[in-house]
Amino acid sequence: CYFIQTFFCICKSQCANALISSHGSHRRLFSTTSSRMTVMPAWVIDQYGGNDVLRFTKNASFPVINYPNEVIVKVFAAGLNPLDVSMRGGYGAATLSMKRDPLNIKQSGNEFPLILGRDVSGVIMECGLDVKYFTERDEVWAAIPPWKQGSLAEFVVLSANEVSHKPKTLSHTEAAAIPYVAATAWSALVNTGGLTKDNCAKKRILILGGSGGVGTFAIQMVKAWGAHVTVTCSQNAERFVKGLGADHVVDYTAGPVEEPLSALEKFDLILDNVGGDTERWALNLLKPWSGAKYITLVTPFLQNTDMLGIADGMMQTAATMTTKAVKHLMKGVHYRWGFFAPSGPALDEIREMVDAGQIRAVVEETFSFSQVPEAFEKLEKGHARGKTVVQISKPGDEL
């Protein structure tokens with residue numbers, strides 16, 4: 001059945017191309033020459049390591065639609081995240097390999113050459129047979145799951161349910177700064193934290209580490225929904241986060257941050273982007289026996305599976321999560337882990353907030369496609385005030 005669908009998909013594509021070519025007023029979106037259809041420019045890694053493993057090639061495999069719900073996107077801009085640096089070094093390799101190859105049919109190292117980059121903004125070049133919500137030439141954005149080839153390439157293939165129409169008020173460079181952190185924050189605050197635009201008003205929310213990508217998005221989202229937002233960050237980022245909507249800022253460089261936070265009214269929800277020993281004191285800042293939640297994005301899941309293997313790592317993770325959840329539930333608060341989850345429908349709602357002026361893109365620095373190693377160096381320095389974006393190509397290049 002799949003091969004029949006693929007056959008009809010190819011026939012449909014060829015017929016459509018013939019019709020487009022027969023009208024002088026239309027132009028083909030991309031060439032059908034064999035070299036054009038089989039390879040593309042991309043930055044890849046052939047092994048895990050430091051910045052020296054990044055390699056530019058003009059012969060990366062061109063993405064192929066393997067399932068009828070997939071689309072091929074021409075990449076205009078790619079956003080980088082700290083996860084890209086971690087993945088370059090091999091973080092999560094065991095779990096991601098299992099996701100790519102659940103039956104372990106392929107040999108170890110089959111993920112190489114690997115293309116990094118979790119954010120993409122571009123235009124749809126081709127749609128699978130079952131794709132109804134999008135058409136060719138639609139401008140879109142998406143957060144790419146870590147187990148898929150990334151956006152530091154001329155083209156990328158994605159499932160249609162991972163893609164959303166790009167906000168009309170943003171350029172592609174601006175749009176590429178949002179999807180991954182937005183999907184992560186949405187998964188943590190909405191899916192795990194239970195927040196919605198209807199129940200968030202007057203809730204007290206604490207965001208630990210508010211000047212990074214997830215933090216800057218989370219501030220804007222919950223503030224747009226009417227929450228009171230307290231943020232921790234360095235002193236030189238105070239004006240920055242207040243400009244995004246933070247009501248109260250605590251400088252973590254002035255001393256132990258738990259002391260000034262303990263003097264404040266207790267919170268309904270804490271989003272932890274910092275990790276470390278934060279859990280030791282942060283849960284005491286929540287309102288007990290009122291459904292308050294502590295959600296951390298710094299979890300040992302991938303680290304456990306990398307060190308112990310899939311089975312033992314998952315068992316260790318489950319035991320740790322259960323122990324902590326029960327321990328804190330006895331104190332009247334909920335302990336949760338937050339994870340990234342790709343979601344086109346979530347990006348649809350976020351697009352509406354962006355176009356309504358409730359959320360803005362925060363781009364700290366933009367690099368050209370030839371400057372990807374420099375972009376990674378910038379990312380590794382930390383202390384970001386927004387996102388690092390790579391411009392892959394410009395609108396019009398797809399023609």
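Analyst: Helices (H or I, at least four residues) and strands (E, at least two) are DSSP runs, numbered from the N terminus. Residues, too, are numbered from 1 along each chain as its sequence is written. The model is predicted, so local features need pLDDT of at least 70 and side-chain atom pairs count only at pLDDT 80 or more, while totals for chains, interfaces and linings use all residues; side-chain values use heavy atoms, leaving out hydrogens and water.

User: OK, let's start with helix packing. Why are α6 and α7 called oblique to each other?

Analyst: Look at the angle. The axes of α6 (residues 179-192) and α7 (residues 213-224) cross at roughly 60° and come within 9 Å. Axes are lines fitted to C-alpha atoms over the stretch in contact, and angles run from 0 to 180 degrees between N-to-C directions. Under 35 degrees is roughly parallel, over 145 roughly antiparallel, 65 to 115 roughly perpendicular and the rest oblique. The roughly 60° of this pair fits none of the named ranges, so α6 and α7 are oblique.

User: How do you know which residues of α6 and α7 meet?

Analyst: By contact, meaning heavy atoms within 4.5 Å. On the α6 side you'll find Val181, Ala182, Thr184, Ala185, Trp186, Leu189 and Val190, and they meet Gly213, Val214, Phe217, Ala218, Met221 and Val222 in α7. By class, this contact holds eleven nonpolar, two polar and no charged residues. Ala, Val, Leu, Ile, Met, Phe, Trp, Tyr, Cys and Pro count as nonpolar, Asp, Glu, Lys and Arg as charged, and the others, Gly among them, as polar.

User: And why are α4 and α11 called roughly perpendicular to each other?

Analyst: Their angle is about 90°, and the axes lie 7 Å apart. That angle sits in the perpendicular range, so α4 and α11 get the label roughly perpendicular. Ala93, Ala94 and Thr95 of α4 make the contact with Phe301, Leu302, Thr305 and Asp306 of α11. Sorted by class, that gives four nonpolar, two polar and one charged.

User: At what angle do α11 and α12 pack?

Analyst: About 140°, with the axes of α11 and α12 (residues 310-329) 7 Å apart. From α11 come Phe301, Asn304, Thr305 and Leu308, and from α12 come Ile310, Asp312, Gly313, Met314, Gln316 and Thr317. The split is four nonpolar, five polar and one charged.

User: Now the empty space. What makes something a cavity, as opposed to a pocket?

Analyst: On a 1 Å grid over the protein atoms alone, a cavity is a set of points where a 1.4 Å probe fits but cannot get out, whereas a pocket is an open set with protein on both sides within 12 Å along at least five of seven lines; lining residues have an atom within 4 Å of a point. Two cavities reach 30 Å³ or more here. The largest cavity has about 70 Å³, a volume being the space filled by probe spheres set on the points, which are joined across faces, edges and corners.

User: What lines that largest cavity?

Analyst: It has 13 lining residues, with Ala177, Val181, Thr216, Phe217 and Val362 nearest its centre. Helix α7 supplies the largest share, four residues. The lining comprises seven nonpolar, four polar and two charged residues.

User: How much space does the largest pocket hold?

Analyst: About 1,400 Å³. Its lining counts 46 residues, and Pro82, Leu83, Tyr180, Val214 and Leu297 are the closest to the centre. Helix α3 gives the most, four residues, and among the other elements supplying at least two are α4, α6, α7 and α11. By class, that lining has 22 nonpolar, 20 polar and four charged residues.

User: Last one: which peptide bond is cis?

Analyst: The bond from Phe112 to Pro113, with omega near -5°. Pro113 sits in the loop between α4 and β4.
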